[in-house]
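Let's take a walk through this fold, going from one helix to the next and then out into the loops. Keep the viewer open as you read.

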Amino acid sequence: MDALRGNFNDTINLLRKATVGRAFNAARVLSSYHYSRLVKSPTHWALPTSISIEPTTSCNLRCPECPSGLRSFTRPTGMLQSDLFKKVIDELAPSLSYLTFYFQGEPYLHPNFLELVKYAADKNIYTATSTNAHYLNDVAAKKTIESGLDRLIISIDGTTQETYEAYRKGGKLEKVIEGARNIVRWKKELKSITPFVVFQFLVVKPNEHQIEEVHKLAKEIGVDHVALKTAQIYDYQNGSDLIPTIDKYSRYQKNANNTYSIKNELASHCWKMWQSCVITWDGKVVPCCFDKDAHYVMGDLQTHAFKEIWHSEKYNEFRATLLRSRTEIEMCKNCTEGTKVWA
């Protein structure tokens, strides 16, 4: 019953943030996308309904399939500047419905992270973030509630330390659980319905036997929802110790010659190219979260307005390439968009 109430409150919270301008923008995004697919040529009559913005590339963990964890970026690393953030939010607030404070790195390492959240929340934008929860001490948990954050995704990829650290290298499960408890307790103390707290469980071979246990743990703590997420493997062709044996939770299928391939059809279109984008900590606009090292920069917000970049010839050429053949774009070849399993 508590989980149903949490889902209901989250839905109502999201709907309350809708405005005529945002609804009209969303309708124009949807019509642009379908019209572009129909005529096989990119057309865009609106601004994105959702963006992700990167507070920092810094991270305290060393996860094996993450550029932040591997310290393998070729792009610059650093912290999002408040002035740049406010410039973007001020421009997009009338049309923007959903803002994710995450791309790479651990958001809570940004010294002013919750101030940035509050700035967007005060403009009635639905805000979300994803964290490894190692910095959700009592003070940070209280400030998180007070910031107005709407959704908090906590990565918990195991219910024992052994399975958790199989992927979350350098992490402490006890810190994750402590952080989740702090958030739930302060929500009750402050009588707040936000944030909607999600345990995100990245299903990999070492932890696939603990799916039932993570649901039990979430219920015991008072977490609102459990999301089971499939793992992206960069060098998947020859297999990986991380690919789960439970087929439902694998993005890849084993072939007769013992190699692996992506399950889903790589269709030559992508909703994200019309509906959303990602902004790096230093103001680069990239097409989506699969471009982790920012190889496909569409423009720079340090020198151009967002609208100018979004409707630029370069961005439309990228969308045109995608409509023509997804295989022409390297990052799209390992894209398994839509393979998150909600449970």
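What follows covers a run of packed helices and then a few residues in loops. One thing to keep in mind throughout is that this is a predicted model.

Start with helix H4, residues 82-92. Its buried residues are Leu 84, Phe 85, Val 88, Ile 89 and Leu 92. They span an arc of only 125° around the axis, so they sit on the same side of H4. And what covers them? The cover includes strand E1 (50-53), strand E2 (98-101), helix H5, strand E9 (276-279) and helix H11 (306-310).

H5 is worth a closer look. This helix runs over residues 113-121 and packs against H4 at an angle of about 15°, with the two axes 11 Å apart. Angles under 35 degrees count as roughly parallel, and H4 and H5 are therefore roughly parallel to each other. Their crossing is right-handed. On the H4 side the contact is made by Ser 82, Phe 85, Lys 86, Ile 89 and Asp 90, and on the H5 side by Leu 116, Tyr 119 and Ala 120. Sort those contact residues by class and you get five nonpolar, one polar and two charged. Notice that Phe 85 and Ile 89 turn up again here: they are among the buried residues of H4, and they also take part in the contact with H5.

Now stay on H5 and look towards helix H6. H5 and H6 also pack at an angle of about 15°, this time with their axes 9 Å apart. That angle makes H5 roughly parallel to H6, and the crossing is again a right-handed one. From H5 come Leu 114, Val 117, Lys 118 and Ala 121, which meet Ala 140, Lys 143, Thr 144 and Ser 147 in H6. The contact of H5 with H6 has four nonpolar, two polar and two charged residues.

The next step is from H6 to helix H8. Here the angle is about 50°, with the axes 9 Å apart, and that makes H6 oblique to H8. The crossing is right-handed here too. H6 brings Asp 138, Ala 141, Lys 142, Thr 144 and Ile 145 to the contact, while H8 brings Asn 182, Ile 183, Arg 185, Trp 186 and Lys 187. By class, that comes to four nonpolar, two polar and four charged residues.

One residue ties those last two contacts together. Thr 144, in helix H6 (residues 138-147), meets H5 in one contact and H8 in the other. Is Thr 144 buried or exposed? Its relative accessibility is 0%, so it counts as buried. Leaving out residues up to four places away in sequence, Thr 144 touches Tyr 108, Leu 114, Leu 136, Leu 149 and Ile 183. Of these, Leu 114 belongs to the H5 side of the contact with H6, and Ile 183 to the H8 side of the contact with H6.

Time to leave the helices for the loops. Just past H8 (173-189), in the loop that leads to strand E5 (196-203), you'll find Pro 195. The peptide bond from Thr 194 to Pro 195 is cis, with omega near 0°.

Two other loop residues deserve a look for their backbone angles. Lys 40 isn't a glycine, yet its phi is positive, at about 60°. Lys 40 sits in the loop between helix H2 (20-39) and E1. Ala 294 isn't a glycine either, and its phi is positive as well, at about 55°. You'll find Ala 294 in the loop between strand E10 (284-286) and strand E11 (299-300). As for their surroundings, Lys 40 is exposed, with a relative accessible area of 67%, whereas Ala 294 is buried at 15%.

Finally, here are two loop residues paired with partners elsewhere in the sequence. Arg 251 is in the loop between strand E6 (225-230) and strand E7 (252-254), and with 8% relative accessibility it counts as buried. Its C-alpha atom is 6.4 Å from that of Thr 230, which is 21 residues away along the chain. Asn 264, in the loop between strand E8 (260-262) and helix H10 (272-275), counts as partly exposed at 24% relative accessibility. Asn 264 and Cys 335 are 71 residues apart in sequence, and their C-alpha atoms are 9.2 Å apart in space.

Key:
Residues numbered from 1 in each chain as written. Predicted model: local features only at pLDDT ≥ 70, side-chain atom pairs only at ≥ 80, totals over all residues. Heavy atoms only, no water. Axes fitted to C-alpha atoms, helices over the stretch in contact; angles between N-to-C directions. Helix = DSSP H or I, 4+ residues; strand = E, 2+ residues; numbered from the N terminus. Parallel < 35°, antiparallel > 145°, perpendicular 65-115°, else oblique. Left-handed = near helix turned anticlockwise from the far one by under 90°. Contact = heavy atoms within 4.5 Å. Nonpolar A, V, L, I, M, F, W, Y, C, P; charged D, E, K, R; others polar. Buried < 20%, exposed > 50% of the residue type's maximum accessible area, 1.4 Å probe, protein only. Arc of directions from axis to C-beta.
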